Amino acid sequence: DGYRDEAIETLTNQRELKLRKTFKDITEQFQRYIVTKFLISLSVGILVGIILWLFKIEFFIIWAAFAILLNFIPNVGSVFAVIMPTLMALVQYESFGYAALVAAVIIVVQNIIGNIIEPKIFGDRLGLNPLVILLSLLVWGYIWGVVGMFLAVPLTAIAKIILSNSSSKNLRFITNLMSN
């Protein structure tokens, strides 16, 4: 009976350690996501600010700050981060061509960062394949809309951590597919 109790206690301790490690990994991944998202959003805001400054758009610092904040809202935020300074350019210069040029330059920067650089950086920092990140944005966005898109990367990272701690070969295979 003593041997059995000792074996159960050892198994319980192993499970507890595994659970603690899982929660620690989830916390670290979420913190990495927030810091990375902030730094990417900051770089978007700085680039938008520089572009607007070069085009001599009034209140460029405010539009840059909005670009930083709106970058946290996937896809929809980028649209508003382009529309607002474009409208300002239209009001300020009364030229559709000039406003369209401002919009085009900001759109190019937003697309390069949002569709190429950001998934690559998140893939490297979180150990997720950039394609998995893009697919998770689609899936979670379809399920929960904008909120799902905001939570897509952290939820996918958490799912990967949970799956990687499984003893199932099939789940580990899925984890390997999700990884870089």
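# A guided tour of the helices and the loops between them

Start by selecting Glu94, which at 71% relative accessibility counts as exposed. The model on your screen is a predicted one, and Glu94 sits in the loop between α3 and α4. If you display the backbone here, you will find that phi of Glu94 is near 50 degrees, a positive value in a residue other than glycine. That deserves a pause, because most residues other than glycine have a negative phi.

Move next to Lys56, which lies in the loop between α1 and α2. Here too the residue is not a glycine and phi is positive, with a value near 60 degrees for Lys56. Lys56 is exposed, since its relative accessible area is 59% and the cut-off for exposed is over 50%.

**Into the nonpolar core**

From the loops, turn to the interior and select Leu52, Ile57, Val102, Ile106 and Phe122, which are the residues with the most contacts inside the largest nonpolar core, a set of 30 residues. To see where this core draws its residues from, colour α1 (2-54), α2 (60-70), α3 (76-93), α4 and α5, the elements that each give two or more residues to the core. Which of these elements gives the most? It is α4, with 8 residues.

Keep Leu52 selected and show its surroundings: leaving aside residues up to four places away in sequence, Leu52 touches Ile57, Phe60, Trp63, Pro85, Val102 and Ile106. Three of these names, Ile57, Val102 and Ile106, appear with Leu52 among the residues that have the most contacts inside the core.

**The pair α2 and α3**

Now select α2 and α3 together, and look along the two axes, which come within 8 Å and cross at roughly 165 degrees. Because of that angle, α2 runs roughly antiparallel to α3, and the crossing of the two helices is right-handed. To see the contact itself, show Trp63, Phe66, Ala67 and Leu70 from α2, and then add Gly77, Ser78, Phe80, Ala81, Met84, Pro85 and Met88 from α3. Sorted by character, the residues of this contact between α2 and α3 comprise 9 nonpolar and 2 polar, with no charged residue. Trp63 of α2 and Pro85 of α3, which belong to this contact, are also among the residues touched by Leu52.

While α3 is displayed, pick out Val76, which is placed in that helix. Is Val76 buried, partly exposed or exposed? It counts as partly exposed, because its relative accessibility is 33%. If you draw a line between C-alpha atoms from Val76 to Met149, the separation in space is 9.8 Å, although the two residues are 73 residues apart in sequence.

**A charged residue in α4**

Go on to Glu118, found in helix α4 (residues 96-126). Glu118 counts as buried, because its relative accessibility is 9% and the limit for buried is under 20%. Display the residues around Glu118, and, not counting those up to four places away in sequence, you will find that it touches Lys37, Ile40, Asn71 and Ile113. For a distance across the model, join the C-alpha atoms of Glu118 and Val147, which are 29 residues apart along the chain and separated by 18 Å.

**The pair α5 and α6**

For the last stop, select helix α5 (residues 130-164) and helix α6 (residues 169-178), which pack with their axes 9 Å apart and at an angle of about 115 degrees. The crossing of α5 and α6 is left-handed. On the α5 side, the contact is made by Val132, Thr156, Lys160, Leu163 and Ser164, while α6 brings Leu171, Arg172, Ile174, Thr175, Leu177 and Met178. The residues of the contact of α5 with α6 divide into 6 nonpolar, 3 polar and 2 charged.

Finish within α6 at Asn176, a residue placed in that helix. Asn176 is exposed, since its relative accessible area is 57%. From Asn176, a line to Leu163, C-alpha to C-alpha, spans 9.7 Å in space, with the two residues 13 residues apart in sequence.

Notes: Residues are numbered from 1 along each chain as its sequence is written. This is a predicted model: local features need pLDDT of at least 70, side-chain atom pairs count only at pLDDT 80 or more; totals for chains, interfaces and linings use all residues. Side-chain values use heavy atoms; hydrogens and water are left out. Axes are lines fitted to C-alpha atoms, for helices over the stretch in contact, and angles run from 0 to 180 degrees between N-to-C directions. Helices (H or I, at least four residues) and strands (E, at least two) are DSSP runs, numbered from the N terminus. A crossing is left-handed if the near helix is turned anticlockwise from the far one by less than a right angle, and right-handed if clockwise. Contact means heavy atoms within 4.5 Å. Ala, Val, Leu, Ile, Met, Phe, Trp, Tyr, Cys and Pro count as nonpolar, Asp, Glu, Lys and Arg as charged, and the others, Gly among them, as polar. Buried means under 20% relative accessible area, exposed over 50%, partly exposed in between (1.4 Å probe, protein chains only). A nonpolar core is a set of buried Ala, Val, Leu, Ile, Met, Phe, Trp, Tyr and Cys residues joined through side-chain atoms within 4.5 Å. Angles under 35 degrees count as roughly parallel, over 145 as roughly antiparallel, 65 to 115 as roughly perpendicular and the rest as oblique.
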